[in-house]
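User: Hi! Could you take a close look at one helix and its surroundings for me, and tell me how its residues are placed and what charged pairs turn up around it?

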Amino acid sequence: MVSICSPLSPNLVANSISVEAPRSRGRLLTSREYGVLLQFCIDSKSLERGKMLHSHIRKDGFERNRDLLPRLIKLYSVCGRIDDAKKLFDRMSKRNSDVFFWTSMICAYAKNGSMMRCFELFVQMLERGVRPDSYTFSGLMKASAEFGFLELTLQLHSMVVRCGCGGCLSVANSLIHAYGSFGVVHEARKLFDRMVVRDVASWSAMIQACSSMGSYADSMALFSRMQLGDSLKPNELTVVALLPACGFFSSLRKGQAVHAYVIRNGYESNLIVGSALVTMYSRCGDPDVAYTIFTSFYQKNLVLWTSMIEGFALNGKYDIALNLFKKMQDQGFHPNYVTLVVILSACSHAGFVDEGLQIFETMQEKFGVKAGVEHYACVVDMLGRGGRLDDAEKFIENMGTRPSGSMLGSLLGACQVHRNVEIGERMAYRLFELEPHNAANYVILSNVYAAVGQWHNVGRVRQMMIAKGLLKDSGCSWIELKDTVYVFGAHDRSHWESDKIYKVLEELSEEIGRAGYMPATEHVLLDVEENEKKKLLCSHSERLAIAFGLLKVPPEMPIRIAKNLRVCDDCHEAIKLISRVTSRKFVVRDTNRFHHFYRGSCSCGDYW
């Protein structure tokens, strides 16, 4: 029976094997055979067939079997019948002393999202004098991460040490996952570094913890160590944890290498991996490859749809993103909270104000999703970018929830673009109270004043920054060539080929000048001479990275660079002209989106 069942699919087994067949030949099934059949019912979530098996198990006297009871509890829990699982647990007299039974019920509650009942049962277990084991702690750690209560995780960690389970691999892995989910990466890393033995789950959990907190360089380094140092083979979870790092650095080469690994190991049909690949290619500025992966899935889920909509939006293909949003609904998928944030953000960056407002106003009635802080922030950003600053401010005042820093910050940024000092001052001083140590808010207010020539106020804001010990983030751009990342700051001459780079810049300045380029010196927010402003504009970090790319990247390949700040208006205009005079394609990622420059135009349509 076992050897026949093992290679078969759950549905085939559940449909074709009857427990009556052996009984008709005068033989009862063994507990091991029942266990195999129960596992297939669990995997296929076949409640009715599982209940039929349970009936036979009870008749044959195996209901209290130490191996079968946990499976029966799991069967009812995965089928959403947690109360039936608890009734079964309550009938077991042996539960008072056997941690195995308690752990099964605790994990059942955790998997069904009944976190309070999970921990209440754990307390009852301790009161009965049952000592938890490594399996109990592993289940509780996962539950504490879902529960979102760090203090509980710390207390559990303390109990783990007292009970002598700290050296257990599964417990350590669960602790790393829990600390990573709370963003306490330093604690997760201390645990990880102290582990004598690590498995794939250990490395995957640590890589995920680093990626979730934006420590992408650490994620990359851990991935390399995992393969070289411990000679372990990454699995699907490792790949999903690593791919955001490739997207953050716009490291297409590394992303392609991970994709090749996915194909070699047969992970390409996994929907979670597919969604991560779509996101990675989109964030590396290649939405066409992302769409190829998207269309390769016959069965799609909401995460995959959302990833692809975001991919088109990030890369300036807003019409396609909106059409895909409609097509998704036509195929029976209802957008969730995240999908609506993505589409509202797309409307904001595209300038589709009316369409975005219509989606926002009907989202609760049409999709059953109540607007949250992120949705409100998208609307504020949408109105601000569209120049409707008064409407944006009124929207903030009337929305019935406390505005977040991102809301006020997006309107402050819009005030800089549209040179509205009055609203800008109001937003800035609210931000100073909300985020007193965020230097960016002071810098933007300073830029608002500089844009209208109020240099005395610029000086006053800078004195405020000095008094608070705040420093402005330096702008930089980077380009990756053959697995090496080259970083450039504004007016940077530290590169060993800086003479060649500046010579290319000089030649480009002459060519785009003949093509009609006029330096927009009003965007230099410094009180210096006009000629000095022109020099400063020509050596911004993105232009240095582009000049270096022109020296090193083959003519048939696009030049891909990234910047840690928004691309300035003057550089945006200059790069458009550079793409025309050089007949090269440039893909530039800034803090908000990708700009695809080609033949004198940009994918953003000059609206960013």
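**Helix 6 and its surroundings**

Analyst: Happy to! Gly 80, just after helix 6, takes a positive phi of about 80°. Keep in mind that this is a predicted model.

The helix itself spans residues 68–78 and is mostly covered, with 8 of its 11 residues buried. Those buried positions are Leu 68, Leu 69, Pro 70, Leu 72, Ile 73, Leu 75, Tyr 76 and Ser 77. What do they pack against? The partners of the buried residues are helix 4 (31–44), helix 5 (47–59), helix 7 (82–90) and helix 8 (99–111).

One of these partners, helix 7, is worth a closer look. Within helix 7, Lys 86 and Asp 90 sit 4 residues apart, about one turn of the helix. Their side chains form a salt bridge, and the closest N and O atoms are 2.8 Å apart. Side chains of opposite charge can pair when their charged atoms come close. Are the two ends of this pair buried or exposed? Lys 86 has a relative accessibility of 19%, so Lys 86 counts as buried, the cut-off being under 20%. Asp 90, in contrast, is partly exposed, because its relative accessible area is 37%.

A pair in helix 24 (residues 373–385) makes a nice companion case: Arg 385 and Asp 381 are 4 residues apart there, separated by about one helical turn. Their salt bridge is 2.8 Å from N to O. Here Arg 385 is buried at 19% relative accessible area, and Asp 381 counts as buried at 15% relative accessibility. For the model as a whole, the count comes to 20 salt bridges.

Note on methods:
Residues numbered from 1 in each chain as written. Predicted model: local features only at pLDDT ≥ 70, side-chain atom pairs only at ≥ 80, totals over all residues. Heavy atoms only, no water. Buried < 20%, exposed > 50% of the residue type's maximum accessible area, 1.4 Å probe, protein only. Helix = DSSP H or I, 4+ residues; strand = E, 2+ residues; numbered from the N terminus. Contact = heavy atoms within 4.5 Å. Salt bridge = Lys/Arg side-chain N within 4 Å of Asp/Glu carboxyl O.
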